[in-house]
Amino acid sequence: MKKNFSFTGTNHKPERQVEMIKHDINKYVAREHRKDLPEGADFWDFDCKCGATADSAVVITVKDFSKKIDEVFAAKNDSVYVEINAKPGLRNRKAKPENI
């Protein structure tokens, strides 16, 4: 998902619009988690970017979306750019010790 969310232009106050944006992002991530994993994958991993524009977007984790959106809103920007790409992830498994 690559999307620009506007803080203005709707029938809601900007503070409420921020909460709606966060809710939409959480819904999208939950929807991606429900998809079936490909063969050999252990979990869904996400490549995320967030910022005032696509050019100024920085790499973040899914957990940091709320904080980053609040920062962009506090900086008096009109919109926030969000990019989330789901990819299958593999866990690093510890090697089993050999029996002596």
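The following paragraphs describe the fold of a single protein chain in a predicted model, moving from the overall architecture to the sheet, the second helix, the nonpolar core and a few individual residues.

The protein chain contains 2 helices and 4 strands, and from the N terminus on these elements follow the order β-α-β-β-α-β. The radius of gyration of the chain is 18 Å, well over the 13 Å that the globule rule gives for 100 residues, so the chain is more spread out than a compact globule. Along its principal axes, the C-alpha trace spans about 70 × 25 × 20 Å. Of the 100 residues in the chain, 28% are buried, while the exposed surface of the chain amounts to about 7400 Å², of which carbon and sulfur atoms supply 48%. When contacts with a separation of 6 or more are considered, 65% of them join residues that lie 24 or more positions apart.

The pairing of the strands can be followed through strand 4 (residues 79-89), which has an antiparallel partner in strand 2, the two being joined by 9 bridges, and another in strand 1 (residues 2-6), with which strand 4 pairs in the antiparallel sense over 5 bridges. Individual bridges illustrate both pairings: K49 has E83 of strand 4 as its bridge partner, and G51 stands opposite Y81 in strand 4, whereas Y81 is also the bridge partner of N4. Strand 2 (residues 43-51) pairs in addition with strand 3, again in the antiparallel sense, over 3 bridges. In this pairing C50 stands opposite V58 of strand 3, and the connection from strand 2 to strand 3 is a hairpin of 6 residues.

Helix 2 comprises residues 65-74, and its buried residues are F65, K68, I69 and V72. Seen down the axis of helix 2, these buried residues fall within an arc of 100 degrees, so they line one face of the helix. The face turned away from this buried side carries the exposed residues K67 and A74. The cover over the buried residues of helix 2 includes helix 1 (residues 14-34) together with strand 2, strand 3 (residues 58-60) and strand 4.

The largest nonpolar core holds 18 residues, among which I25, F65, I69, V80, V82 and I84 touch the most other members. Two or more residues are given to this core by each of helix 1, strand 2, helix 2 and strand 4, and the largest share, 5 residues, comes from helix 1. Two of the core residues named above, F65 and I69, are also among the buried residues of helix 2. The surroundings of V80 bring several parts of the chain together: leaving aside residues up to four places away in sequence, V80 touches K3, N4, F5, F7, I21, C50, G51, A52, I69 and V72.

Just after helix 2, the backbone at K76 takes a positive phi of about 65 degrees. Most residues other than glycine have a negative phi, and K76 is a residue other than glycine in which the value is positive. K76 lies in the loop between helix 2 and strand 4, where, at 74% relative accessibility, K76 counts as exposed because exposure is assigned over 50%.

Two partly exposed residues complete the description. S6 is found in strand 1 and, at 33% relative accessibility, counts as partly exposed. Apart from residues up to four places away in sequence, S6 touches Q17, I21, D78 and S79, and the C-alpha atoms of S6 and K76 are 12 Å apart in space although the two residues are 70 residues apart in sequence. E19 lies in helix 1, and its relative accessibility of 41% likewise places E19 among the partly exposed residues. E19 and S66 are separated by 47 residues in sequence, with a C-alpha to C-alpha separation of 8.9 Å in space.

Key. Residues numbered from 1 in each chain as written. Predicted model: local features only at pLDDT ≥ 70, side-chain atom pairs only at ≥ 80, totals over all residues. Heavy atoms only, no water. Buried < 20%, exposed > 50% of the residue type's maximum accessible area, 1.4 Å probe, protein only. Arc of directions from axis to C-beta. Contact = heavy atoms within 4.5 Å. Pairing = 2+ DSSP bridges. Core = buried A, V, L, I, M, F, W, Y, C linked by side-chain atoms within 4.5 Å. Rg over C-alpha atoms; globule rule 2.2 N^0.38 Å. Areas by Shrake-Rupley, 256 points an atom, 1.4 Å probe, with all protein chains shown as cover.
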